[in-house]
Amino acid sequence: MASMNLHRVYIPTNARNNQYILAEFKPEDSFYRYFDDLESCYERVARQLFALCDEYELHNVHLIANDKLPVVRFHEEAYAMQTEKQILFFYNPRYHEAHKSYFDSTWKARKIRILFLATGEELRAQAANFHAKVRKVLTELKSVLPESNFNFRVRDHQHLTYDLFSKAKGNKESYGYKLRALYPRYQARNCQLPAEHSEMTYVTFNVPVTRAVKTEFNTNANDGNYSSFYNEVADKFQTACAGRQLNLYAMVADGKLPIVRSSKLDKSDTNRELQKLSFDTNSDEKQISIIFNEHKLTEMMHFVIVAKASDKHDMGYGKFMNNVESTIRDFASQLPISPEKQDLNVRFYQHISYDF
């Protein structure tokens, strides 16, 4: 029993589950030539897509043809907000439904993306069923498009989000998760995925640069250069990670949003809004990224801890997550954060991707 408990992490019962699947393909010029113009192309694809989604009871789906990256977050109100590089979708899976297109009739998209947002209750238990429905829609959509000599790149994203300090606020109830990997979970539920696939498992959390943090680290005395502040925070984070033998991690404190990718598929890159972080999860070497803008005091510091291939057990990622939780607690204990008054939201991410 003790051995099993090592592979089980106890997470507050008010944790939020989320799942979305992003399917994308790269249309060739020959694909666009089947249509009178770009607008008619996007509208026809959308009509066929949403008709299939109605048939398979997928109630929150978006067509994106403006080459912006979708970012999904929980919110009690449903809305989408666009920046130059992103579309941020806010929704509550229990209530919100939508079929909507995002495109510019003058913009020839390099990628046409379809975002499927899971809806309903018990998303984690229904994840394989949701994924199977999406595959059916993609199969039929491909058969009705005028040109089908392309593959969809399918990316299934699942998040489990909770406040690490939930118990300090009086929320005593928790549930023991084994956090099994996606591939065996889906196999057990008769949702067959290709043997050739890529998986990523990681954790993120954010620390706001509050007035208390500024005072604690005396940031106002730095005369516009905050490198000593960031380096001191980074040192505390690295020490905490080293204490639990966690070797794949990053700190991003330059105002950009970190995006985690496998180094087999993507290289680390950056633009004005996003910081792509690539990790080789099969390597035993340390992979550490400490990124900040020494001349800018950011509002939020982002932290990422990535699971190695050796962290994947038949029982699941529970042991890895227990180590991560202990690391975050060690790190947070050195910062002016009040567990009773402030949330420290931890997001456990599981991704699987493949060509379809």
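The following questions and answers cover the sheet, strands, helix and cavities of a predicted model.

User: In what order do the strands of the open sheet of 10 strands run?
Analyst: The sheet is open and its pairing is mixed. The twist averages 15° from one strand to the next. The order is S7-S3-S8-S2-S9-S18-S11-S17-S12-S16.

User: Which strands stand at the edges of this sheet, and why is one side of each left without a neighbour?
Analyst: An edge strand here has a single partner strand, so one of its sides has no neighbour in the sheet. That holds for two strands, with residues 98-103 and 287-292. They are S7 and S16.

User: Do S12 and S16 run parallel or antiparallel, and which residue is the bridge partner of Val-252?
Analyst: Strand S12 covers residues 248-253. Six bridges join S12 to S16, and the two run parallel. Within S16, the partner of Val-252 is Ile-291.

User: How many bridges join S9 to S18, and which residue of S18 stands opposite Arg-155?
Analyst: S9 and S18 pair in the antiparallel sense. The pairing has 11 bridges. Opposite Arg-155, in S18, stands Ser-353.

User: How many bridges join S2 to S9, and which residue stands opposite Ile-21?
Analyst: S2 and S9 run antiparallel. Nine bridges join them. The residue of S9 opposite Ile-21 is Asp-156.

User: How many residues of S9 are buried, and which lie on the face with Arg-155?
Analyst: Side chains in a regular strand alternate between the two faces of the sheet. In S9, 11 of 11 residues are buried, and both faces are covered. One side holds Val-154, Asp-156, Gln-158, Leu-160 and Tyr-162. The side with Arg-155 also holds Arg-153, His-157, His-159, Thr-161 and Asp-163.

User: How many cavities of 30 Å³ or more are there, and what is the volume of the largest?
Analyst: The search takes in the whole structure. It finds four cavities of 30 Å³ or more. The largest has a volume of about 140 Å³.

User: Which residues are closest to the centre of the largest cavity?
Analyst: The lining has 14 residues. By class, four are nonpolar, five polar and five charged. Strands S9, S11, S13 and S18 each give two or more residues to this lining. Closest to the centre are Arg-155, Met-200, Arg-261, His-351 and Ser-353.

User: Which strand gives the most to the lining of the second largest cavity?
Analyst: This cavity has a volume of about 70 Å³. Its lining is Arg-16, Asn-18, Val-72, Arg-73, Phe-74, His-159, Thr-161 and Arg-347. S2, S4 and S9 each supply at least two of these residues. With three residues, the one that gives the most is S4.

User: How do the residues lining the second largest cavity divide by class?
Analyst: His-159 and Arg-347 are among the lining residues. The lining divides into two nonpolar, three polar and three charged residues.

User: How many residues join S5 to S6, and what is the bridge partner of Met-81?
Analyst: S5 (residues 79-82) and S6 (residues 86-91) pair in the antiparallel sense over four bridges. A hairpin joins them through three residues. In S6, the partner of Met-81 is Leu-88.

User: What distance separates the end C-alpha atoms of helix H8?
Analyst: H8 has 15 residues, from 318 to 332. Its buried residues include Phe-320, Met-321, Val-324 and Phe-331. At 1.5 Å a residue, the expected span is 21 Å, so the model agrees with an end-to-end distance of 21 Å.

Technical notes: Residues numbered from 1 in each chain as written. Predicted model: local features only at pLDDT ≥ 70, side-chain atom pairs only at ≥ 80, totals over all residues. Heavy atoms only, no water. 1 Å grid on protein atoms, 1.4 Å probe; cavity = no way out; pocket = protein on both sides within 12 Å on 5 of 7 lines; lining within 4 Å. Points joined across faces, edges and corners; volume = space filled by probe spheres on them. Nonpolar A, V, L, I, M, F, W, Y, C, P; charged D, E, K, R; others polar. Pairing = 2+ DSSP bridges. Expected span 1.5 Å × (residues − 1). Buried < 20%, exposed > 50% of the residue type's maximum accessible area, 1.4 Å probe, protein only. Axes fitted to C-alpha atoms, helices over the stretch in contact; angles between N-to-C directions.
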